[in-house]
Amino acid sequence: MVDMLNIFCRGREARTKLEHHRARLYRVAYSWSHNPALADDLVQDTLTKAMQKISQLRDPNAGEAWLFSILSNCYRDHFRRLRDTDEIDDATLIEEKTPESENSRQQTVNKVRASIARLSEGQRQVVTLVDLEGFSYIEVSEILNIPIGTVMSRLCRARNALRHELLNEFKDKPIPADTRMRRVK
């Protein structure tokens, strides 16, 4: 019974001391945040946490510094929580990939694939290995077991055929820079 009375008395004494520091805590919180409501919330959180963790305070003379360190942690935690939820109403959202651009890109890809499919088998093999897969002429020569001169002539004829067919296909439309045929080499 005596222990409970001591704990209760110490609790009341601790509350009185904490209330004594409320005004100073508020002044500091307000100077940090420049927001009266936020400063009040920070002080309330600080005092609540201090009451919950009063048993952790080992040196009663360090109580003031301990309170202000709790205030500092509450202030930091407040902005950590805000960082996760950024306000996007004021942000301008620009998406380069729209359904229209993706559809247009897919149509271009389909036309290029169809044009490659219409090439002869030898030209199709060489152009896919060199231009799409990035193999060197020597590697393609070894893969297909044909002379390097044949690789170069088939590739030249395949590129010319593709250029002619695709230019006719896109003669009325500008070809976007990212869909132009380019050399990998």
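Which residue follows α6 with a positive phi? Select Gly134: its phi is near 80°. Keep that spot in mind while we look around.

First, some ground rules. What you have open is a predicted model, where local features need pLDDT of at least 70, side-chain atom pairs count only at pLDDT 80 or more, and totals for chains, interfaces and linings use all residues. Residues are numbered from 1 along each chain as its sequence is written, and side-chain values use heavy atoms, with hydrogens and water left out.

Now show the whole chain as a cartoon. You'll find 8 helices and 0 strands; these are DSSP runs numbered from the N terminus (helices are H or I, at least four residues; strands are E, at least two). Of the 185 residues, 23% are buried, meaning under 20% relative accessible area with a 1.4 Å probe, protein chains only.

Next, select residues 121–132, helix α6. From first C-alpha to last, its 12 residues reach 15 Å, close to the expected 16 Å (1.5 Å times one less than the number of residues). Colour its buried residues, among them Val126, Val127 and Val130. Then add α5 (99–117), α7 (137–144) and α8 (148–169), the helices that the buried residues of α6 pack against, with contact meaning heavy atoms within 4.5 Å.

Last stop: switch on the surface and pick Ile138, Ile148 and Met152, a nonpolar patch with about 270 Å² of accessible area together. Such patches take residues with over 30% relative accessible area and no salt bridge (a Lys or Arg side-chain nitrogen within 4 Å of an Asp or Glu carboxyl oxygen), joining nonpolar side chains within 5 Å. Areas come from the Shrake-Rupley method with a 1.4 Å probe. Met152 sits in α8.

Key: Buried < 20%, exposed > 50% of the residue type's maximum accessible area, 1.4 Å probe, protein only. Patch = residues over 30% accessible without salt bridge, like charges linked within 9 Å, V, L, I, M, F, W, Y side chains within 5 Å.
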